[in-house]
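This report covers salt bridges, one internal cavity and one helix of a single model. The structure comes next.

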Amino acid sequence: MGKGKKILSLLLAVLVLSSMIAGCSGQDSNSGVATSAQPTATSATASTATSTAASTGTPATTTAEPPKELEGTINVNTSAGVAEVEAWQAVADGYMALNPKVKVVIDLKPQDGYGDWLKNMLGTANPTADIVNINQAGLAATGKQVNFMEYVNNKSPYSNGVWKDQFNFEMQNGIDYGKNTLYNICLSSTQVAWFYNKDIFKKIGVEPPTTWKEFIGICEKLQTAGYQPLAVPGNFNSFWAMQMGWLAQIYADQTTRSMLEVYRAKEGDYNYDPDVDGKFKLDLTNPFNDDSWKVNQNTTRAYVAVRDGVYKPDSEGMKTVMSQLKEIFPKYAGGDAFFGTDDAGWISLFYQNKAAIALDTVARLAYFKNDMDKIEAGQPFKLNSKTVKGVQKFELGSFNMPSMEGAGIEAPARTIEVAQGFLGAVKKEKAHDDLVVDFFMYLSSKEGYSKYLSGQLKGGGVPNGPSLVYGVELPGEYEAMYKDLKFIGNCQKGCGQLMARGAPCDIQESLREWYGYTQEFFTGKITVDQWGEKHKTNVMKYIFKDSIKAAHINLSDLDNPANAPTGE
């Protein structure tokens, strides 16, 4: 990537919350943060997204003449969150008004089991799905997804320029410049943070922690006072794609920052940029030092480091992380009930003032406002169509990740601050792919994404965070919710959390094994050293068989890491 493009990326990053992720063909197959779903619709202000120029300073695009007459059917089969149907339908209606011979079918699928549904769909001879959450497909998506890099420089019918100028292209997760691939589009952004009941904290006399040791002390005081300290789900979905999976990646990152010197692009590497990599100097005190526009990472070198025992899944740092997580889980998160707690369970405990601290994305700020407005209006609060009794209004606060300390810990904790959405297209014949990409161009335009946000808010949903589409802003009250957030760096922008949850690239068998022996460790059935042994065995069992394939790297590529990987 040229120097000018790197500078442009830096400017965009300062203005819009987002970061790139690497790991499996430029990204981990489920590296992005999945927003914790609100299991029921909540009342929301029926505001519409405004259409003023974005705070990035990028000129707002204007709707131009529609494209030549298009014809066909587009099936939108993403997972069904709150108000997602309304959001997608608003976009579909706008698109069909411009393209009357195109039929857009909104057929969203349940969040539970979505990954399995998608893999099964992709395994059929003629999949009917067109637009999906491609990050949940894992290996099943290999060779079956549209490469958006073939289109990003095309002129868009829905703006006065090329497609990639409609949205924050540089911040997209998973761009592989070496192989010229991008398989998902992200149009919103979010951050993971801790949320707490200010009323309970004031009553107990505690302040938000900055270190993990302080966090443990606060949990102890809360439990002594009769509160469950933490409302965090402990089921498999949480360990895979949600709260516990987030924590695993966030704290693994504290132990691997110096590994960047091992797997960053070296002179002579296929993706080495002398204007960037030739000037890079690692600074562990700067959480943004390794942003993707400041240094290129060579994923093949990370796999070589694992093979050669330089990058260790059972490192002292990983053992420190697991030992410190065990100080809190499951003891302060419901004890024996922790592993059976799901989304609905933790939300109920938190809203009933029974649990004092919860982990979620910043979308919780908007959900919380809407939910408390509903409660104040005397309306029942429901989860999965069931009324939750005993919900009490309280003041909500937030704090960033407390840093762990100890053997193998190299730098302060960061969090997950990422572009979000991971919308992909199922590859079919070229003409149909062109049609689906045209719909993506509309969705990611000022007009299209304003309709999406408007439909989402009217349907009772909330935005996950700042939009990445230029010219689109959130309504004032929602924009204000995010203005005081403090960004501390994204841990998901390279190979630093490669083995945080078992083998890389979300290999399901490996994830389930990791969940099993981590549960054994948390419940005292095995020691941390035994956990390390099991973790290493798990990683090595899958990484050079399944993970490497998902990363589009061949075993032979490991002997020549300077070359562009040849695997598919």
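## Salt bridges

A salt bridge here is a side-chain nitrogen of Lys or Arg within 4 Å of a carboxyl oxygen of Asp or Glu. The model is predicted, and a search of the whole structure gives 21 such contacts. One of them joins D107 and K109, whose closest N and O atoms lie 2.9 Å apart. D107 is partly exposed, at a relative accessible area of 35%, whereas K109 is buried, at 17%.

D269 and R301 form another salt bridge, with an N to O distance of 2.7 Å. D269 belongs to the loop between α8 and α9, and R301 to helix α9 (299-307), so this pair ties together parts that are 32 residues apart in sequence. Both D269 and R301 are buried.

## A link between α16 and α17

K541 and E513 are also paired, their closest N and O atoms being 3.1 Å apart. Because K541 sits in helix α17 (residues 528-550) and E513 in helix α16 (residues 508-522), the contact ties together parts that are 28 residues apart in sequence. K541 is partly exposed, with a relative accessible area of 46%; E513 is partly exposed as well, with 28%.

## The second largest cavity

The model has six cavities of 30 Å³ or more. The second largest of these holds about 90 Å³ of space. Its lining consists of 13 residues, and D253, Y263, D290, R414 and G496 are the closest to its centre. Helices α7 (243-256) and α8 (260-263) each contribute at least two residues to the lining.

By residue class, the lining of this cavity comprises four nonpolar, four polar and five charged residues. Salt bridges link D253, D290, D291, R414 and K493 in a network. Of the network's members, D253, D290 and R414 are also among the residues closest to the cavity centre.

## Helix α5

Helix α5 (residues 212-224) has 13 residues, which at 1.5 Å a residue should span 18 Å; the end C-alpha atoms are 18 Å apart, in agreement with that value. Its buried residues are W212, F215, I216, I218, C219 and L222. Viewed down the axis of α5, these fall within an arc of 165°, so they line one face of the helix.

K213 and T224 are exposed on the other side of α5. Just after the helix, G226 adopts a positive phi of about 100°.

Technical notes:
Residues numbered from 1 in each chain as written. Predicted model: local features only at pLDDT ≥ 70, side-chain atom pairs only at ≥ 80, totals over all residues. Heavy atoms only, no water. 1 Å grid on protein atoms, 1.4 Å probe; cavity = no way out; pocket = protein on both sides within 12 Å on 5 of 7 lines; lining within 4 Å. Points joined across faces, edges and corners; volume = space filled by probe spheres on them. Helix = DSSP H or I, 4+ residues; strand = E, 2+ residues; numbered from the N terminus. Nonpolar A, V, L, I, M, F, W, Y, C, P; charged D, E, K, R; others polar. Expected span 1.5 Å × (residues − 1). Buried < 20%, exposed > 50% of the residue type's maximum accessible area, 1.4 Å probe, protein only. Arc of directions from axis to C-beta.
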